[in-house]
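Biologist: I'd like to learn how to read strands, helix packing and a core in a model. Could you walk me through one?

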Amino acid sequence: MTIHPTALVHPSAVLADGVSIGPWCQVGPGVTLAEDVHLASHVVIQQDTAVGARGVIHPFSVIGGDPQHGGYKGEPVRLEIGADAVIREHCSFNRGTPQGGSLTRIGSNGLFMTGAHVGHDAVVGDYVTMANNATLGGHTTIGDKVFLGGLCAIHQFGRVGQGAIIGGLAAVTRDVIPYGSAWGNHARLHGLNLVGLKRKGYGKDQIRRLLAAFRELFEADGVFAERLDRVATTYADLPEIMEIVAFIRADARRPLCLPGE
């Protein structure tokens with residue numbers, strides 16, 4: 001363990017073997033840093049935050065700050081970050097609120113580029129990439145392996161399903177299905193995340209069937225609810241399509257990001 005003489009570490013902080021804390025960092029009360037976490041310099045971890053093993057946090061990031069919520073009155077709330085996170089300069093991750101479960105949770109292997117913001121009570125999956133200045137409002141839910149383009153913003157309580165991609169500058173006010181590709185201001189659904197599917201090893205026949213199901217669900221004639229039921233039956237053997245169906249049915253009251261809207 002190495003701690004620079006200019007760093008301030010609260011006596012209640014728990015530091016594992018191999019932790020490295022650089023110049024002018026502040027580590028507050030209730031903070032836990034797992035094995036081999038590295039704080040470069042000028043990093044603030046305010047309080048009640050756990051950072052998973054091998055996490056790297058770059059200068060001028062504020063991690064575990066108070067939730068930006070008018071109703072927060074100083075109650076005990078937390079932030080948890082999984083292993084192998086890379087958090088670049090000027091990121092800000094807020095702790096949760098009592099109204100939202102008191103916890104902001106970020107998965108493992110995330111890449112958070114300069115200026116990324118994770119709001120209170122957000123739930124972020126594994127292998128998520130947030131490009132420069134991407135922003136998550138409070139209570140958002142982001143699935144595994146999502147890519148959020150630079151300067152995009154996900155509205156509070158918004159959901160983005162796993163494997164989706166959000167274009168740069170997109171204002172996302174509606175839920176985005178798993179594996180979807182949404183962009184524009186305001187964001188519209190423009191198809192499936194074909195680049196991501198190909199990178200994960202999906203073959204041409206698999207992608208062809210996924211696209212057919214997508215078109216039947218979102219582009220065919222008829223009532224959307226009936227199309228959803230039909231797709232759920234016709235493509236029951238495709239786990240990705242069934243995940244999309246489950247995602248939509250999980251909260252039918254929420255507006256959905258659709259093509260052409």
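**Reading strands, core and helices**

Modeller: Let's start with a single pair: His117 stands opposite Thr135 in E20. Bear in mind that this is a predicted model.

Biologist: How many bridges join strand E17 to strand E20?

Modeller: Two bridges link E17 (residues 117–118) with E20 (residues 135–136), and the strands run parallel. Now zoom out. Both belong to an open sheet of nine strands, ordered E2-E5-E8-E11-E14-E17-E20-E23-E26, with parallel pairing.

Biologist: Which are the edge strands?

Modeller: Look for strands that pair on one side only: here they are E2 (8–9) and E26 (171–172).

Biologist: Let's move to strand E12. Which of its side chains are buried?

Modeller: Buried here means under 20% relative accessible area. Along E12 (residues 78–81) the side chains alternate. Leu79 and Ile81 point to one face and are buried, while Arg78 and Glu80 point to the other and are not.

Biologist: And which strands does E12 pair with?

Modeller: Strand E9 (residues 49–51) is joined to E12 by three bridges, running parallel. In that pairing, Thr49 has Leu79 of E12 as its bridge partner. Strand E15 (residues 103–106) also runs parallel to E12, joined by four bridges. There, Ile81 sits opposite Ile106 in E15.

Biologist: Now the interior. Which residues have the most contacts inside the largest nonpolar core?

Modeller: That core has 70 residues, and the ones with the most contacts inside it are Leu33, Leu39, Phe93 and Ile166. The elements giving two or more residues to this core are E12, strand E28 (188–192), H2, helix H3 (224–234) and H4. H2 gives the largest share, seven residues.

Biologist: What does Ile166 touch?

Modeller: Leaving aside residues up to four places away in sequence, Ile166 touches Phe147, Leu148, Gly149, Cys152, Ile154, Val160, Val172, Val176 and Ala182.

Biologist: Last one: how do I read two packed helices?

Modeller: You describe them by the angle between their axes and the distance between the axes. In this model, the axes of H2 (residues 204–218) and H4 (residues 239–250) come within 10 Å and cross at roughly 30°. Angles under 35 degrees count as roughly parallel, so H2 is roughly parallel to H4.

Biologist: Which residues make the contact?

Modeller: From H2, Leu210, Ala213 and Leu217; from H4, Glu240, Ile241, Ile244 and Ile248. Sorted by type, the residues of this contact are six nonpolar, no polar and one charged.

Conventions. Residues numbered from 1 in each chain as written. Predicted model: local features only at pLDDT ≥ 70, side-chain atom pairs only at ≥ 80, totals over all residues. Heavy atoms only, no water. Axes fitted to C-alpha atoms, helices over the stretch in contact; angles between N-to-C directions. Parallel < 35°, antiparallel > 145°, perpendicular 65-115°, else oblique. Contact = heavy atoms within 4.5 Å. Nonpolar A, V, L, I, M, F, W, Y, C, P; charged D, E, K, R; others polar. Pairing = 2+ DSSP bridges. Buried < 20%, exposed > 50% of the residue type's maximum accessible area, 1.4 Å probe, protein only. Core = buried A, V, L, I, M, F, W, Y, C linked by side-chain atoms within 4.5 Å.
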